[in-house]
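Got the model open and want a quick tour by question and answer? Here it comes.

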Amino acid sequence: MQSMETLILEFGEIDDSAVSKVELATVLHYSNLIQTYTNQSVNSSVSIRNIGKGADWSVIVLTITSIFFIIPEAQKKIRESVEEWQSIFKELKSIYSWIVKKKTALYPNQYLFLIALNSVVAKTNNNEFVFLGFKSLPEENPDLDKYPSLLFSFVNQQQIYQVAISRTGVILWENQLQVLLNAF
């Protein structure tokens, strides 16, 4: 079963004697938020994970299993399903707005792909793209090595579009290159 994990940076400093009580209350809070989401039923789970290296860094892990999709294989034409991708993006954005609210979250690759795709389609008013793939960008924070920013690449006729997105869903930069065939 395809699932997506989103890490929510919920916790600050917690008194050691209250950690389990605070974590349990937070898991219940996020579970209740999911149950009260009104647009549709969301199959998901909420748990705690320690992502710290050396020192503890506990985060909420929201695992969504009710929206099934994967990043398309390289060379798959985006235009074949751009409307579906935008529909999935709209629904996920709504879910995250409801659950994450003003917290910082580290989003899964699939959601970052949808942000990149939406940006390219909006800037070009064109959906005749081929997805070339994505690459990880180096992170300065060693705790985030497993959650790097990503660079997505698409091609359309003689244009390559690149979108770099932080794990928090912020577009870092965008680039457009013209491919010159037979230039030499």
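Q: This is a predicted model. Over how many bridges do β6 and strand β7 pair?
A: Strand β7 covers residues 159–165. Its pairing with β6 runs in the antiparallel sense, and the bridge count is 7.

Q: Which residue of β7 does Phe-152 stand opposite?
A: Phe-152 is one of the β6 residues, and β6 pairs with β7. Standing opposite Phe-152 in β7 is Val-163.

Q: What phi does Gln-157 have in the turn between β6 and β7?
A: β6 and β7 make a hairpin, with 2 residues sitting between them. Gln-157 belongs to that turn, and its phi is positive, at about 50°.

Q: How many bridges join strand β5 to β6?
A: β6 has another partner to look at here: strand β5, residues 130–137. These strands run antiparallel, too. One bridge pair matches Phe-131 with Phe-154. The number of bridges joining β5 to β6 is 7.

Q: How many residues of strand β6 are buried?
A: Strand β6 spans residues 149–156 and is largely enclosed by the rest of the structure. That follows because the buried count is 8 of the 8 residues.

Q: Which β6 residues point the other way from Ser-149, Leu-151, Ser-153 and Val-155?
A: In a regular strand, side chains alternate between the two faces of the sheet. In β6, Ser-149, Leu-151, Ser-153 and Val-155 point one way, and both sets are buried. Pointing the other way are Leu-150, Phe-152, Phe-154 and Asn-156.

Q: How many aromatic pairs does a search of the whole structure find, and what is the angle between the planes of Trp-85 and Phe-113?
A: The search turns up 14 aromatic pairs. Trp-85 and Phe-113 form one that is edge-to-face, with 5.2 Å centre to centre. It links helix α2 (residues 82–99), home of Trp-85, to helix α3 (residues 109–124), home of Phe-113, across 28 residues. Edge-to-face needs planes over 60 degrees apart, and the angle here is 75°.

Q: Are Trp-85 and Phe-113 buried or exposed?
A: For a residue to be buried, its relative accessible area has to be under 20%. Trp-85 meets that label and Phe-113 does as well, so the verdict for each is buried.

Q: How far apart, centre to centre, are the rings of Phe-134 and Phe-152?
A: Phe-134 comes from strand β5 and Phe-152 from strand β6, 18 residues apart. Their planes are 35° apart, and the pair is tilted. The distance centre to centre is 5.5 Å.

Q: What is the relative accessibility of Phe-152?
A: Its ring partner Phe-134 is partly exposed, with a relative accessible area of 32%. Phe-152, in contrast, counts as buried, because its relative accessibility is 0%.

Q: Which residues do ring pairs link into a cluster with Phe-134 and Phe-152?
A: The ring pairs join up into a cluster that includes Phe-134 and Phe-152. Linked with them are Trp-85, Phe-113, Phe-129, Phe-131, Phe-154 and Tyr-161.

Q: Which residues does Leu-144 touch, not counting residues up to four places away in sequence?
A: Leu-144 is in the loop between β5 and β6, yet counts as buried at 14% relative accessibility. Its C-alpha is 8.1 Å from that of Ile-51, although the two are 93 residues apart in sequence. The residues it touches are Trp-57, Leu-106 and Glu-139.

Q: What N to O distance does the salt bridge of Glu-5 and Arg-49 have?
A: The structure holds 3 salt bridges. Glu-5 lies in strand β1 (residues 4–9) and Arg-49 in strand β2 (residues 44–50), so this pair ties together parts 44 residues apart in sequence. Their side chains meet at an N to O distance of 2.9 Å.

Q: What is the relative accessible area of Lys-123, which forms a salt bridge with Glu-174?
A: The side chains meet at 3.5 Å, N to O. Glu-174 is partly exposed, with a relative accessible area of 33%. Lys-123 is exposed, and its relative accessible area is 60%.

Q: Which residues make the nonpolar surface patch of about 280 Å²?
A: Leu-172, found in strand β8 (residues 171–178), is partly exposed at 45% relative accessible area. Patch members need over 30%, so Leu-172 clears that cut-off. The patch is made by Val-170, Leu-172 and Trp-173.

Methods
Residues are numbered from 1 along each chain as its sequence is written. This is a predicted model: local features need pLDDT of at least 70, side-chain atom pairs count only at pLDDT 80 or more; totals for chains, interfaces and linings use all residues. Side-chain values use heavy atoms; hydrogens and water are left out. Patches are made of residues with over 30% relative accessible area and no salt bridge: like charges are joined within 9 Å, nonpolar side chains (Val, Leu, Ile, Met, Phe, Trp, Tyr) within 5 Å. Accessible areas come from the Shrake-Rupley method with a 1.4 Å probe; for residues, only the protein chains shown count as cover. A salt bridge is a side-chain nitrogen of Lys or Arg within 4 Å of a carboxyl oxygen of Asp or Glu. Helices (H or I, at least four residues) and strands (E, at least two) are DSSP runs, numbered from the N terminus. Buried means under 20% relative accessible area, exposed over 50%, partly exposed in between (1.4 Å probe, protein chains only). Two strands pair if DSSP finds at least two bridges between them. Contact means heavy atoms within 4.5 Å. Rings of Phe, Tyr and Trp (its six-membered ring) pair if their centres lie within 6.5 Å; planes under 30 degrees apart count as stacked, over 60 as edge-to-face and the rest as tilted.
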